[in-house]
Amino acid sequence: MLCRLSVRWLQPRPALQLRGLGPPAAPAPTGGPKPSALPLWAVASVSAVGPSGAGGWYEALATSAPVQGAEDVLLFAHTASGLPWWGSILLTTVALRGAVTLPLAAYQHYILAKVENLQPEIKNIARHLNQEVAVRANQLGWSKRAARLTYLKTMRRLVSELYVRDNCHPFKATVLVWIQLPMWIFMSVALRNFSTGATHSEGFSVQEQLATGGVLWFPDLTALDSTWILPVSIGVINLLIVEIFALQKIGMSRFQTYITYFVRAVSVLMIPIAATVPSSLVLYWLCSSLMGLAQNLLLRSPRFRQLCRIPLTKSDSDTPYKDLFAAFYAKFISRK
């Protein structure tokens, strides 16, 4: 399974020319192309996938308009800032997360806070409705099943009316996922195209620029991180985000518990996956995860929540960071 996932990221892409930035680059010299930094098993597997095979859907995604738009954003950031590619990737990630996902995350917290504040009213309605249905069932001789169905149908309608009244339907809180996930995919595919394709900018191959655009222990952004520092860092940061979410939830339902375990498993699985893709992708994933961690911590600040006009709730704390540290210490450090 891991091999199949890695192959999709490492499949070669047809040569691309940057839109509106000069003529195509000259053909490669007869001495042969740049030796591949990818594992031999990956190269062999990729060559076996035909355009009409399993890679067809990915090729369609790699040449789609959203991915081309992500390529243009990356190239614009690189050209306008004059930064090396590692800095351009960092700058683009921070800008997109700050301008797109942070406002959406604040809106998500706004909706969830209003839903939380409705819970006492919903419980009160449920208690009175249960009594009324019981009396009505006794008068009309309803069966337990009929009484239960009547209660559920009426309760669903009343709760929906409350959501409409306060304009806080829980589905609105999912808008962050529907924007953030596609953006993450498009940016990842765009960087994969740069790392393995032949997109050109001002006469130079973007792949060649990435090959010298790294820093520290990963100077070549088209190669894998053989030290595993970046992949392991991604796993640690993602797990930290999951634990922050879990620590602020008291009395999670069984479904929420299963989701938490699932996300933990995905965070761990991302480590070997990140070790089989070019470092440019892993750097973007790490920057995105770090921004996600910072975003989660920022949205716990009472001042920032007040600035975003997020309603106060019963679960809010005046000292959220102190409480978070105490909960983290109690769960992972002082437990006996």
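**A guided look at helix α11 and some side chains**

Of the 20 residues in helix α11, 14 are buried, so the rest of the structure largely encloses this helix. The model is a predicted one.

Visitor: How do you know that the length of α11 fits what is expected of a helix?

Guide: Helix α11 covers residues 279–298, which is 20 residues, and spans 28 Å from its first C-alpha to its last. The expected span at 1.5 Å a residue is 28 Å, and the helix comes close to that.

Visitor: Cysteine 287 has a relative accessible area of 7%. What makes it buried rather than exposed?

Guide: Buried means under 20%. Cysteine 287 has 7%, so it is buried.

Visitor: And what is cysteine 308 called, with its 26%?

Guide: Partly exposed, because 26% falls between the 20% limit for buried and the 50% limit for exposed.

Visitor: While we are on cysteines, how many disulfides are there?

Guide: The structure holds 0 disulfides. A disulfide would need a pair of cysteine sulfur atoms within 2.5 Å.

Visitor: Let's turn to rings. How many aromatic pairs does the structure hold?

Guide: There are 4 aromatic pairs. One joins tryptophan 217 and phenylalanine 218, with ring centres 5.1 Å apart and planes at 75 degrees.

Visitor: Why is that pair of tryptophan 217 and phenylalanine 218 called edge-to-face?

Guide: Two checks settle that. The centres, 5.1 Å apart, are within the 6.5 Å limit, so the rings pair. The planes meet at 75 degrees, over the limit of 60, and therefore the pair is edge-to-face.

Visitor: Are tryptophan 217 and phenylalanine 218 buried or exposed?

Guide: Phenylalanine 218 is buried at 7% relative accessible area, whereas tryptophan 217, at 36%, counts as partly exposed.

Visitor: What makes you say that a charge sits over the ring of tyrosine 261?

Guide: The charged end of arginine 264 is 5.1 Å from the centre of that ring, and the distance limit is 6 Å. The charge does sit over the ring.

Visitor: What is notable about the phi of asparagine 167?

Guide: Phi is positive there, about 50 degrees, although the residue is not a glycine. Asparagine 167 lies in the loop between α6 and α7, and 46% relative accessible area makes it partly exposed.

Visitor: Where is arginine 309, and why is it called exposed?

Guide: Arginine 309 is in the loop between α12 and α13. Its relative accessible area is 70%, over the 50% limit, so it is exposed. Arginine 309 also has a positive phi, near 60 degrees.

Terms used:
Residues numbered from 1 in each chain as written. Predicted model: local features only at pLDDT ≥ 70, side-chain atom pairs only at ≥ 80, totals over all residues. Heavy atoms only, no water. Phe/Tyr/Trp six-rings, centres within 6.5 Å; stacked < 30°, edge-to-face > 60°. Buried < 20%, exposed > 50% of the residue type's maximum accessible area, 1.4 Å probe, protein only. Lys NZ or Arg CZ within 6 Å of the ring centre and 35° of its normal. Helix = DSSP H or I, 4+ residues; strand = E, 2+ residues; numbered from the N terminus. Expected span 1.5 Å × (residues − 1).
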